Each structure stands twice: as C-alpha cells, then as structure tokens.
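Here are my notes on this model, set out as numbered points. Please read them with the structure open.

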Amino acid sequence: MEQSMMEIKKRLEQRISVYAKEDICLAFSGGVDSSLLLKVAAEAAEKMGKTVYAVTFDSRLHPSCDLEIAARVAKELGGVHRVVSVNELEQKEIRFNPVNRCYLCKKKLFRSLKDFAGKMNIPYIMDGTNEDDLHVYRPGIKALRELGIISPLAELHITKAQVKALASWYGISVASRPSAPCMATRLPYNTEIDYDILNRIGRGEEFVSSLVKGNVRLRLHKDIVRIEVDREAMGELMERSSEIVSYLKELGFSYITMDLEGFRSGSMDVGIEPLE
C-alpha cells in the first residue's frame with residue numbers, strides 16, 4: 001500500500017477512535033463504504049470495550065439482497081447487526097418520486113435510526129457518505145446534516161476509489177461489490193413509484209447481473225427499458241442479448257435498449273445541479 005493510503009488509513013482510524021469511546025450506531029447497507037467504516041469502528045470499539053451496532057434498513061425501495069449481504073458482512077467484521085423496518089411510501093410526498101425524493105427518504109430513514117439509537121442510549125450515528133457524493137446531486141446529504149449524522153469518509157475527503165483500496169487492503173469481502181442504490185433511481189422523477197414495477201426491475205437486474213459482470217442498471221422510461229452496464233461489459237451484454245431480451249419481455253417490458261454511454265451513477269439526474 002502506498003504511503004498516501006497509509007496516511008488516509010491512519011487518519012480514518014484516528015477519527016473513528018474518538019467516537020469509539022462510546023457505543024456507535026452505523027447505517028449499514030453491506031456496501032463497501034459502510035463496510036469499511038464498520039471494520040475500522042469495530043476494531044476501535046473492541047479496544048474500548050464498546051459496541052458498534054450495524055443497522056440495516058428493511059426497505060422495499062432497496063434491493064432485497066441487501067439484508068442478507070449486510071447480515072453476513074456484519075458478522076464477518078464484528079458488528080452487532082440490527083434491522084429497522086421502514087415503508088417510505090407511507091409518506092405521500094415520496095410516492096410520486098419528486099426531485100427531492102432522496103431528501104425526504106433519508107429524513108424518514110434516519111429519523112427511524114435516531115429513534116433506535118435513542119432507545120439504546122447511543123450518542124453517535126454514522127453513515128458511509130464519501131467525498132465523491134458531495135459533488136453530485138445527493139439531496140439526502142442535507143437531511144443527514146440536519147439530523148446530525150456523522151459522515152467520517154466525507155469529512156476526511158476520502159473518495160470512492162480510496163474507500164475501495166482501503167477495503168481491499170483490509171480484506172473486506174465486499175470490497176469490489178457494485179453499489180446498490182435505492183430502486184426509485186430506476187424511474188424518472190415525477191413518476192409514481194409502484195412496488196410491482198420496482199420488483200420486476202429488480203428481477204431483471206438480477207438476471208442481467210448473473211450474465212454480465214460489474215454494474216447493471218435497468219432504467220425505465222414508460223415502455224422502454226434502458227440497460228446500463230460498464231463500458232467494458234457492453235460486448236458481453238450484446239453476446240447474451242437474445243436471452244436478456246427474452247427474459248425482460250417475459251417480465252412485461254416492451255422495448256429493450258442498451259445505453260451507449262454505459263453505466264453512470266445518477267443518470268436520471270441530468271439537468272439537475274449538484275447541491276452546494
């Protein structure tokens with residue numbers, strides 16, 4: 001590992017050790033960002049005789065595999081895994097996928113997390129927001145700030161690439177796991193969020209991911225499915241196109257397209273300015 005990465009590792013460990021004097025509550029998806037934090041926090045807490053609660057949201061707007069992966073990874077890394085169930089669509093404002101949906105969702109999710117932490121007398125709540133998240137459209141970050149959530153990776157200006165490098169160095173099993181954001185990102189803004197449609201999109205993504213390596217997104221535009229994969233996987237996608245098209249049509253999608261720009265996070269956010 002390069003010296004610069006050793007310095008980043010040291011700064012992160014020092015920052016987390018300050019909080020590990022008390023029990024810690026971590027919003028834990030089982031992705032690489034929150035897993036890196038859990039690894040560092042669990043090691044620091046063990047030295048202090050404290051506990052890190054890795055809390056996963058049981059949410060119908062997130063891939064169902066998240067719960068299984070999160071439980072496994074939390075056990076590997078030494079966190080006490082807990083699940084908080086939330087139904088975002090109980091909130092009427094979220095149902096039609098407004099441009100500030102992420103803000104509304106994060107507010108609802110992390111209020112639930114604050115309630116959990118309060119009952120457990122846990123003073124610190126963390127999440128895995130990283131430096132890169134601060135430079136794209138992430139309205140949910142405003143909600144985190146309003147609720148006093150601690151984001152050590154962002155505070156230390158640690159980028160996604162650096163997170164992955166550190167996670168790999170630590171030997172974390174999900175170091176190369178593709179991100180799995182909220183399923184509502186598959187729909188255009190101001191489109192009604194329908195659980196049945198999201199379930200079909202999720203099944204479609206799972207199928208394509210079984211055939212194609214790397215990131216996979218199915219974005220739905222009325223009766224058109226736009227498939228995003230990493231650029232290096234486009235050839236692989238085309239080679240398996242017949243079975244992919246057949247499966248997606250069985251799910252009820254009429255037109256199947258490949259996005260020639262390839263996978264990019266936030267492709268539904270075109271024309272929306274990042275938050276300051």
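1. A nonpolar core here is a set of buried Ala, Val, Leu, Ile, Met, Phe, Trp, Tyr and Cys residues joined through side-chain atoms within 4.5 Å. The model is a predicted one. Its largest nonpolar core has 36 residues. Leu12, Ile16, Phe28, Leu36 and Leu38 have the most contacts inside this core.

2. Which elements give two or more residues to this core? They are helices H1 (3-19), H2 (32-48), H3 (65-77) and H7 (160-170), together with strands E1 (24-27) and E2 (52-59). H2 gives the most, with 8 residues.

3. Take leucine 36 as an example of the packing. Leaving aside residues up to four places away in sequence, leucine 36 touches Leu12, Leu153, Val163, Leu166, Ala167, Tyr170 and Ile172.

4. There is a second, separate core of 31 residues. Cys105, Tyr195, Leu211 and Val225 are among its members.

5. Now the sheet. It is open, has 4 strands and pairs them in parallel. The strand order is E3-E2-E1-E4. Strands E3 (80-86) and E4 (124-126) are the edges; each has a single partner strand, so one side of each lacks a neighbour in the sheet. From one strand to the next, the twist averages 30°.

6. Look at the E1 and E4 pairing. These strands run parallel and are joined by 3 bridges. One residue pair to check is isoleucine 24 with tyrosine 124, its bridge partner in E4.

7. How many disulfides does the model contain? The count is 0. Cysteine 102 is in none, and the nearest cysteine sulfur, from cysteine 105, lies 6.9 Å away. Cysteine 182 is also in no disulfide. For cysteine 182, the nearest cysteine sulfur is again that of cysteine 105, at 5.5 Å. A disulfide needs the two sulfur atoms within 2.5 Å, so neither distance qualifies.

8. Are these two cysteines buried or exposed? Cysteine 102 has 22% relative accessibility and so counts as partly exposed. Cysteine 182 has a relative accessible area of 13%, so it is buried. The cut-off for buried is under 20%.

9. Cysteine 182 deserves a further look. The unreviewed UniProt entry lists Cys182 under "active site". In the model, cysteine 182 sits in the loop between H7 and helix H8 (195-211). Apart from residues up to four places away in sequence, cysteine 182 touches Leu61, His62 and Arg101.

Note on methods:
Residues numbered from 1 in each chain as written. Predicted model: local features only at pLDDT ≥ 70, side-chain atom pairs only at ≥ 80, totals over all residues. Heavy atoms only, no water. Buried < 20%, exposed > 50% of the residue type's maximum accessible area, 1.4 Å probe, protein only. Contact = heavy atoms within 4.5 Å. Pairing = 2+ DSSP bridges. Axes fitted to C-alpha atoms, helices over the stretch in contact; angles between N-to-C directions. UniProt positions renumbered as here; feature names shortened; annotations may be inferred.
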